[in-house]
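Please open the model in your viewer and keep the selection panel at hand. The stops below say what to select next and what is to be found there.

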Amino acid sequence: MKIFKFFLCALLFASYSAYAQDDVKTERQQGHTNENKFKQLYDEFSTPNVYRTGSGAPGPGYYQQQADYKMDIEIDDENAKLYGDEIITYTNNSPDELKYLWVQLDQNMRAEDSKTPLISGSGIQPATTSSRAVSSYLKAPLDRGFNIEHVKDVNGKDLPHMINRTMMRVELPKVMKTGDKFSFNIKWNYNINNHVTEGGRSGYEYFEENDNRIYVIAQFYPRMAVYNDVEGWQNSQFWGRDEFALPFGDFDVNITVPADHILDGTGHLVNREEVFTKEMMKRYKKAKKSYDEPVMIVTQEEAEKTEKSKSKDKKTWKLSAQMVRDFGFATSRKFLWDMMAVKLETKEVMAVSLYSKEGNPLWGKWSTKTVASTFKSFSRMTFDYPYHKSISVHAPMGMEYPMISFNFGRPDEEGNYSDRTKYGMISVIIHEVGHNWFPMIVNSDERQWTWMDEGLNTFTQYVAEQDFAEWYPEALSPGDKTYPSRRGPAKNIVRYMGGNQDYIAPIMTKGLNTYQFGNNAYGKPATALNILRETVMGRELFDYAFKEYANRWKFKHPTPEDFFRTMEDASAFDLDWFWRGWFYTTDYTDIGIKEVKKFAVTTTPNDNGKRLAERYNRDPNSLVYFIEEGAEGFDDAMKANTSINDLPTVKEYIMDNFTPEEQKTMKTAPKYFYQITFDKPGGLVMPLIVEFTYADGTTTRETYPAQIWRLNDKEVQKAIASDKEIVAIQVDPDLETADVDTTNNSWPREVGESDFDKFKNQVRD
Ligand SMILES: [Zn+2]
């Protein structure tokens, strides 16, 4: 008897989807040249192997190289020059034999023979500033880039080497086999750039008052390139945009600076007793027990006094760091210094800020608390922060290194600041401190995949910003109930994704070759992940999988597939369609309502019904008929106000086929029937979120999974049976799918001024 039930259902629906079938046929006859959007990513993904498994985890043969550094660094403050001498110990854990090593010379991007300016298009502006005219047309003779004094083995014998712009190949005296270690020595110096006038991720800012500098120093030493199972040597040149790929290692760094400088950087300060005054030690011990407010290690009063004179003496700060991929530091006699302790689930860490008086009152108020807040949010979303501290340094740009980041946000000379400056500063601190997780610990290849660190980090930043506002509501400006996040909410990416396709590249593009870098590598992937979390997967499934990815790959080198695969592996969510659409194409979301047809139900046979009855060889009076609004008999049927389960034939059928228990569960009495055609002018497949508003003012929502588009990418129909009259239908009512055109999202269509304007503009174009 159950079979009969299905047959009847099929018959009911066949009667009114007859026209739609014709459309579908035409579509099919034309033939689809596009690949199905739900096709698995077998062609795009690398084949799983012994190094990286099909589940997205490191495989049994996974390996990574190690590079340990011992460095002596000195800063000549008078000439803004850095001198360095390092011994690199490189360990070959790969199964491969290595004949040479590649070392990165990032400072050479600033050298006179740099090719970076030559790959940027340029034109003549009708008017320009004199400084820009000088930098564009009168090449300033700046002596920048590494001066490599020597490359030697540990016995002092010169090692043959070849410098190809930002990469240096060092010939090994003998081939390195698996497990071999090789130590060698590089001595170098370079003139530090003024990063305010010349740009750059590190350098110094000059303060005319008292003739002082704040140095934020990074990419300051020849650094080992990554060698792995995916790229071999990652020796793609540094053009200035794509960031870095670096192996993990241990660092012992001695940094000599003027004795009146305050310095902090990556690693443990191992000679604290030597470089701190007794008073500073006392304050430091207090800071380690202060969980609510930062404790000043160097006060503003002290810093203002120090910056007025210059010590002729030198002081050496000794830092030691284990399992870090890079090293950065900041030094100045202008620095104020504060710290506070933060309790995480499994440990305690220190939130630290270094800033000059120019950053106050903003920095004293919010920098260290923002670091503390970031620790908590990122640890919850991934794993507890494994290092012991993170320093936020006041600088004109934002940039990240292990345990230290450079962050902008400066009040005006009177100490006033706008909301924009305040939120900008809090956001950049969350962002750069967040980079400790991606890519400093979950160590992806930034040179190739900008989105893997910027996208994941910007997504987690969004979560952390919302946390921050909850934990420090007093930081919000009057009128703001939540943190005004710039990136993350779906609606904020609409302008970019709906823009000119000639200037949009898929996320899976090397950063150097993308248009609209910020939207491509930060905004879109962060939004994609937020949509995945809030709309597609739900927080529970997403958060578990995201955490699994972070934990699988902490202190390792993941690839995009490792991320994509883990997100599916840990959630049982087939997301290939999502990765394909959002990461491999530039398609956008546009889903709308094309047509809504209303039907009444009756047992009175009509012509169409009679034909069907004949075809299925059934009594015409036994069938259920749906009459479209406007057709003959519709008004009568509506007036009869009959619900489908009250029709005699249906009633009889229910009595015959369902137990009384089952009948009780058939609670609804639908008498309004709608056939809704949803269309999808946009290329992206996305869940179809629909809100129905009824005549009594109530609403319900239905979310159809993205797979609703699998058999027809252009449009899809849904039959809705309702016991209440539907008066309005809205697609994506909360603007959570990044739909680029919402004028087609509602029924009845809201023909507003905007539609008219659009029409007018079209005519004008
Ligand atoms: Zn970033």
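Begin this tour of a predicted model by selecting Glu 454, which is buried, with a relative accessible area of 2%. Now add the zinc ion to the selection, and with it His 431 and His 435: the ion is coordinated by NE2 of His 431, by NE2 of His 435 and by two OE donors of Glu 454, at 1.9 to 2.6 Å. Looking from the ion outwards, you will find that the four donor atoms subtend angles of 54 to 151°, and the arrangement is therefore irregular. Along the chain, these donors follow the spacing H-x3-H-x18-E. The site links distant parts of the chain, since His 431 lies in helix α8 (residues 419-434) and Glu 454 in helix α10 (residues 450-471), 23 residues apart. Like Glu 454, which is buried, His 431 is buried, in its case with a relative accessible area of 8%.

For the next stop, select Thr 527, a residue of helix α12 (residues 517-537). Is Thr 527 buried or exposed? Its relative accessibility is 2%, under the 20% limit, so Thr 527 counts as buried. If neighbours within four places in sequence are left aside, the contacts of Thr 527 are Gly 488, Pro 489, Ala 490 and Ile 493. Select Thr 509 as well, and you can trace a separation of 17 Å between its C-alpha atom and that of Thr 527, the two residues being 18 apart along the chain.

Then turn to the nonpolar interior. The largest nonpolar core has 188 residues, and those that touch the most other members are Phe 184, Trp 337, Phe 563 and Phe 578. Select Phe 578 and show what surrounds it: apart from neighbours within four places in sequence, Phe 578 is in contact with Ala 528, Leu 532, Val 536, Phe 583 and Met 686. A second core, separate from the largest one, consists of 11 residues, among them Ile 644, Leu 647, Val 650 and Phe 658. In soluble globular proteins, nonpolar side chains tend to be buried together.

Finish with a sheet, shown best as a cartoon. Four strands form this open sheet with antiparallel pairing, in the order β25-β24-β26-β29. At its edges are β25 (625-628) and β29 (715-722), each of which pairs on one side only, and the twist from one strand to the next averages 30°. Within the sheet, select strand β24 (residues 592-602) together with strand β26 (residues 672-679), which pair in the antiparallel sense over seven bridges. As a last selection, take Gly 592, whose bridge partner in β26 is Asp 679.

Definitions and conventions:
Residues numbered from 1 in each chain as written. Predicted model: local features only at pLDDT ≥ 70, side-chain atom pairs only at ≥ 80, totals over all residues. Heavy atoms only, no water. Donors = N, O, S within 2.8 Å, 3.2 Å for Na, K, Ca; no water. Tetrahedral: all angles 85-135°; square planar, octahedral: opposite > 155°, others 65-115°. Helix = DSSP H or I, 4+ residues; strand = E, 2+ residues; numbered from the N terminus. Buried < 20%, exposed > 50% of the residue type's maximum accessible area, 1.4 Å probe, protein only. Pairing = 2+ DSSP bridges. Axes fitted to C-alpha atoms, helices over the stretch in contact; angles between N-to-C directions. Core = buried A, V, L, I, M, F, W, Y, C linked by side-chain atoms within 4.5 Å. Contact = heavy atoms within 4.5 Å.
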